[in-house]
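Trainee: Please take me through one part of this model in detail, from the residue itself out to what surrounds it.

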Amino acid sequence: MKHAVIKKVLMCNPRYFTVEDIYNPWMKPGSVDTKKAIRQWKKLKKIYEKLKIKVEVIEQIKGLHDMVFSTDEGLVQGREVLLSNFRVNQRKPEREEYKKWFEKNGY
C-alpha cells in the first residue's frame with residue numbers, strides 16, 4: 001500500500017482564539033489559554049517545516065474564534081476546493097474568509 005505524502009498544509013494563527021459562544025457541550029468559557037495556544041501553534045508549524053511540509057497561513061479574523069480549525073473549512077484536491085457550510089451561525093462567516101484566501105492563492 002502506497003502512503004500519501006503531505007506536501008502542504010494550511011494553518012490559522014490562533015491570535016484571537018477563545019471560547020465565548022457555547023454551541024457544543026464540551027465548550028467551556030475561559031478554558032483556552034490563548035498565549036499557550038500560540039506557543040503550541042508555532043511549535044507545530046516548526047515541526048511541519050522541519051519535515052519539509054510547506055505551511056500556508058491564513059490570519060484569523062477577530063471574532064471568528066473557531067477559524068483556527070482550518071481542517072474544518074473544506075476539502076482540497078489539487079487546486080479544487082469544496083468549502084464547508086457550517087450549521088452554527090457563529091461559524092458561518094469563516095466560509096467567506098477561507099473562500100477569499102483560496103481564491104487569492106489560486107484555488
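Mentor: Gln60 counts as buried because its relative accessibility is 4%, where buried means under 20% relative accessible area, exposed over 50% and partly exposed in between, with a 1.4 Å probe and protein chains only. This is a predicted model, in which local features need pLDDT of at least 70 and side-chain atom pairs count only at pLDDT 80 or more, while totals for chains, interfaces and linings use all residues. Residues are numbered from 1 along each chain as its sequence is written, and side-chain values use heavy atoms, leaving out hydrogens and water.

As you trace the chain, you will find Gln60 in the loop between strands β2 (54-59) and β3 (74-77). Helices (H or I, at least four residues) and strands (E, at least two) are DSSP runs numbered from the N terminus.

Now look at what the Gln60 side chain touches. It reaches the backbone nitrogen of Tyr16 at 2.7 Å and the backbone nitrogen of Arg15 at 3.2 Å. Both are polar contacts, that is, pairs of N or O atoms within 3.5 Å; within protein, one atom must be able to donate a hydrogen and the other to accept it, and residues adjacent in sequence count only if both atoms are side-chain atoms. Setting aside neighbours within four places in sequence, Gln60 is in contact (heavy atoms within 4.5 Å) with Cys12, Asn13, Pro14, Arg15, Tyr16 and Phe17, and also with His65, Met67 and Val68.

Cys12, Asn13 and Pro14 take us on to Trp41, since they appear among the contacts of both Gln60 and Trp41. Trp41 lies in helix α1 and, at 12% relative accessibility, counts as buried too. With neighbours within four places again left aside, the Trp41 contacts also include Met11 and Val57. Met11 is 30 residues from Trp41 in sequence, and their C-alpha atoms are 8.6 Å apart in space. A polar atom of the Trp41 side chain lies 3.2 Å from the backbone oxygen of Cys12.

Finally, step back to the whole protein. Its two helices and four strands run β-α-β-β-β-α from the N terminus on. Of its 107 residues, 33% are buried. Among contacts with a separation of 6 or more, 62% come from residues 24 or more positions apart.
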